[in-house]
Amino acid sequence: MTIESLYTPILVEAARDTAHEGKPEDTGAYLTATAHNPVCGDKITWYVKMHGDIITDARYEATGCMICRASAAMLAKWMQHESKTRFSESLEELLRALDPALPPPDKTALQEKNWLALAQMKAYAARKKCAILAWEGFQKALERKPTKSR
């Protein structure tokens, strides 16, 4: 694979999407967690607002490579008004898609879930962590206990 195939239009477009980027004004109403990759410097902080089992808002602050930022943007958009269960299922689906022993997602799945474009990182072992760091941080946020009534 070439470097051009690493930075596909789907990933470039997602990295430019800042709709859910930025710290919310009232962080006390959000579950927060930070994930950091000290090897490359990628860092993401999640702010996840819940109502019961439903994610009512997901915002993030990210520094690092385009793949990490694209992953965060896709995840934030995908998880708006979804359940914690849906997140867990999506994370498992992404991890399967990143398994080099399994075939890539088909075009139909990719059209429905653009974040599956991250599966191309299976060909770049060093970039897999960039693709899943946002998801690991999001999972950490969901595991936190609320600090303020929602």
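This passage describes how four helices pack in a predicted model and which residues line its largest pocket.

A good place to start is the pairing of helix H2 (9-16) with helix H3 (residues 66-79). The axes of H2 and H3 come within 7 Å and cross at roughly 75°. Angles of 65 to 115 degrees count as roughly perpendicular, and H2 and H3 are therefore roughly perpendicular to each other. On the H2 side, the contact is formed by Leu-11, Val-12, Ala-14 and Ala-15, which meet Met-66, Arg-69, Ala-70, Ala-73 and Met-74 of H3. Sorted by class, this contact holds 8 nonpolar residues, no polar ones and 1 charged residue.

Helix H3 also packs against helix H4 (residues 84-97), with axes that come within 11 Å and a crossing angle of roughly 140°. The crossing of these two helices is right-handed. Leu-75, Trp-78 and Met-79 are the H3 residues in this contact, and H4 contributes Arg-86, Phe-87 and Ser-90. The class tally for H3 with H4 is 4 nonpolar, 1 polar and 1 charged.

From H4 the packing continues to helix H6 (residues 128-143), where the axes lie 11 Å apart at an angle of about 155°. Since angles over 145 degrees count as roughly antiparallel, H4 and H6 are therefore roughly antiparallel to each other. The crossing of H4 with H6 is left-handed. In H4, the residues involved are Lys-84, Phe-87, Ser-90, Leu-91, Leu-94 and Leu-95, and their partners in H6 are Ile-132, Trp-135, Phe-138, Gln-139 and Leu-142. This contact of H4 with H6 comprises 8 nonpolar, 2 polar and 1 charged residues. Phe-87 and Ser-90 thus appear in the contact of H4 with H3 and also in the contact of H4 with H6.

Turning to the pocket, the largest one has a volume of about 190 Å³. Its lining consists of Ile-10, Glu-13, Ala-14, Asp-17, Ala-73, Met-74, Lys-77, Trp-78, Glu-112, Lys-113 and Asn-114. H2 and H3 each supply at least two of these residues, and the largest share, 4 residues, comes from H3. By class, the lining divides into 5 nonpolar, 1 polar and 5 charged residues.

The pocket can also be related to the helix contacts. Ala-14, Ala-73 and Met-74 are among the lining residues, and these three also take part in the contact of H2 with H3. Trp-78 is another lining residue, and on H3 it belongs to the contact with H4.

Terms used
Residues are numbered from 1 along each chain as its sequence is written. This is a predicted model: local features need pLDDT of at least 70, side-chain atom pairs count only at pLDDT 80 or more; totals for chains, interfaces and linings use all residues. Side-chain values use heavy atoms; hydrogens and water are left out. Axes are lines fitted to C-alpha atoms, for helices over the stretch in contact, and angles run from 0 to 180 degrees between N-to-C directions. A crossing is left-handed if the near helix is turned anticlockwise from the far one by less than a right angle, and right-handed if clockwise. Contact means heavy atoms within 4.5 Å. Ala, Val, Leu, Ile, Met, Phe, Trp, Tyr, Cys and Pro count as nonpolar, Asp, Glu, Lys and Arg as charged, and the others, Gly among them, as polar. On a 1 Å grid over the protein atoms alone, a cavity is a set of points where a 1.4 Å probe fits but cannot get out, and a pocket is an open set with protein on both sides within 12 Å along at least five of seven lines; lining residues have an atom within 4 Å of a point. Grid points are joined across faces, edges and corners, and a volume is the space filled by probe spheres set on the points. Angles under 35 degrees count as roughly parallel, over 145 as roughly antiparallel, 65 to 115 as roughly perpendicular and the rest as oblique.
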